[in-house]
Amino acid sequence: MAEQRWINAVRGFDPEMAGKQAECDGGGPVVGTRLASRQEFSGVLSGEYMDHGDPPWRWYLMVDLQRKPAGYEQDSVWCESNSIFLV
Amino acid sequence: MTKDPLHTKFCEMMGIEFPILAFTHCKDVVSAVVNAGGFAVLGEAMNTPEVIAADIKWIREKVGDKPFGVDLVLPSTAPPAADLNELLAGIPQSHRDFAAEIKKKYEIPDPKEEVDLHQWGGLNQEISRAQLDVILEERAPVFVSGLGSPAFIVEAAHERGIKVFGLVGKTRQAQREIKAGVDVIIAQGYDAAGHTGPIGTFSIVPEVVAIAGDTPVIAAGGITSGRHLAAALCLGAAGVWTGTLWLASRESDSDMIIKEKLLAAHSDSTVYSTCVSGFPMRITKCAWTKEWSRPDAPRPLGSPYQMLLSADYIQAANDHRREDLMMEAFGQGASFVTSMKPARQIVFDMVEEALATFEDLTGDDE
């Protein structure tokens with residue numbers, strides 16, 4: 001599982017999202033650098049989520065990755081809910 | 001022409017004179033552009049919440065009640081935490097050897113300082129959240145999400161009188177953000193500097209305009225002249241987002257070598273390559289990009305390994321101010337930046353050229 005620091009986050013499970021095929025647009029940091037870049041993932045949503053802060057910033061766990069940036073070695077990633085597109 | 005073609009719905013919304021948005025990391029450029037009647041956005045993604053708060057106050061002192069924006073990068077994916085030493089150990093010897101060969105060939109000295117690997121604390125949702133909270137607390141007039149969806153923060157921002165702009169590289173992202181209530185969409189094309197998307201400015205702008213309804217769309221990517229501004233408005237945009245244009249302005253704190261590189265640049269002076277960060281990125285040609293484009297060069301690594309590999313080179317180039325080695329993110333419109341002018345003059349020249357372009361089109365010289 002892609003572990004991250006999730007301070008003050010509330011974990012949960014959304015059965016309606018579980019098993020859904022999805023793509024995630026947007027981007028994120030280039031690990032270990034001060035740069036950010038566009039990055040795209042596709043995979044299956046596990047249904048697990050994290051709500052971070054107030055107002056809640058929701059993240060879903062995407063697993064079984066079918067598309068991920070070169071060099072991304074993990075098989076899961078947390079995706080911001082508004083950047084997820086069900087396909 | 002009876003109607004001022006430059007007075008767009010974006011101007012109406014923001015109460016400004018000209019539909020020109022400057023994106024910059026320099027506060028002096030922000031105040032100069034805003035006070036000249038345009039709109040400016042300060043890139044703060046690499047700064048701490050304390051610095052962001054201080055910058056907002058500084059700009060307010062310089063521009064009074066005129067609106068300006070603060071830009072952050074919101075991650076939409078959260079990679080796992082990583083140990084730097086483990087990452088460095090993952091760089092293959094073949095790539096280390098190639099980087100060493102470049103260093104020897106160009107007689108690149110060691111960096112003066114310990115390589116900081118361009119760390120910024122590893123942007124993650126915790127840091128982004130803290131940066132966002134400052135923007136809400138300080139009630140910056142506009143929050144711009146330069147990457148990632150700002151949808152979750154729109155309501156909280158609006159409650160505080162803050163407008164929210166979202167920059168997108170795909171139409172479906174624009175659709176999602178408009179539905180969430182963002183005030184302005186910035187549609188960025190491939191011509192732009194840095195980590196830009198694969199869709200051209202001339203394609204993405206009208207496509208986003210077609211689905212935007214009443215939400216103003218701002219065109220971004222390769223825009224550096226009044227002709228570009230006129231063209232963007234013809235595509236249906238309500239303004240233009242410009243970055244490279246301000247790097248050589250008098251107020252810009254860019255290194256003089258970078259300013260001179262920009263003045264000498266043309267549309268073929270950049271490359272779109274993965275050789276710096278591991279992701280496609282538009283950047284000026286330099287010794288590093290030249291060597292990695294050789295047919296016998298190894299294939300650039302993925303992220304983050306390629307960035308870690310290029311960090312020594314970048315820092316040495318900057319520390320020693322080697323013109324042949326230094327690189328910067330320029331857009332493809334660089335050829336239209338031909339002199340080092342005050343930002344105010346850049347705004348006025350752009351407006352004048354755009355108006356002249358419309359007059360040429362309509363045959364109206366009044």
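I took contact to mean heavy atoms within 4.5 Å. With that in hand, I looked up chain A and noted that residues 24 or more positions apart account for 48% of its contacts with a separation of 6 or more.

Before going on, I wrote down that this is a predicted model, in which local features need pLDDT of at least 70 and side-chain atom pairs count only at pLDDT 80 or more, while totals for chains, interfaces and linings use all residues. Residues are numbered from 1 along each chain as its sequence is written, chains are lettered from A and ligands numbered from 1 in the order in which they are written, and side-chain values use heavy atoms, with hydrogens and water left out.

**Chain A**

I found 0 helices and 8 strands in chain A, where helices (H or I, at least four residues) and strands (E, at least two) are DSSP runs numbered from the N terminus. Of the 87 residues in chain A, 56% are buried, which stands for under 20% relative accessible area, with exposed over 50% and partly exposed in between (1.4 Å probe, protein chains only). I also noted a cis peptide bond between A:Asp54 and A:Pro55, with omega about 0°; A:Pro55 is in the loop between strand E5 (41-52) and E6 of chain A.

**Aromatic pairs**

I looked up the ring pairs and found 13 over all chains, a pair being rings of Phe, Tyr and Trp (its six-membered ring) with centres within 6.5 Å, called stacked with planes under 30 degrees apart, edge-to-face over 60 and tilted for the rest. The rings of A:Trp57 and B:Phe152 have centres 4.4 Å apart and planes at 10°, so I entered this pair as stacked. Because A:Trp57 lies in strand E6 (residues 57-67) of chain A and B:Phe152 in the loop between strand E5 (142-147) and helix H7 (154-159) of chain B, the pair joins two chains. Both A:Trp57 and B:Phe152 are buried.

The rings of B:Phe10 and B:Phe165, with centres 5.9 Å apart and planes at 65°, are therefore edge-to-face. B:Phe10 belongs to helix H1 (residues 9-14) and B:Phe165 to strand E6 (residues 163-168), both of chain B, so this pair ties together parts that are 155 residues apart in sequence. I also noted a cluster in which ring pairs link B:Phe98, B:Trp288, B:Trp292 and B:Tyr313.

**Helix packing in chain B**

I then turned to helices H8 (residues 171-179) and H9 (residues 201-212) of chain B, which pack at an angle of about 30° with their axes 9 Å apart. Axes here are lines fitted to C-alpha atoms, for helices over the stretch in contact, and angles run from 0 to 180 degrees between N-to-C directions. H8(B) and H9(B) are therefore roughly parallel, a label for angles under 35 degrees, while those over 145 are roughly antiparallel, 65 to 115 roughly perpendicular and the rest oblique. Among the residues making this contact are B:Thr171 and B:Ile178 of H8(B) and B:Ile204 and B:Ile211 of H9(B).

Helices H10 (residues 226-234) and H14 (residues 343-362) of chain B pack at about 55°, with axes 7 Å apart, so I entered H10(B) and H14(B) as oblique to each other.

**Backbone in chain B**

Phi of B:Glu107 is near 50°, a positive value in a residue other than glycine. At 65% relative accessibility, B:Glu107 counts as exposed.
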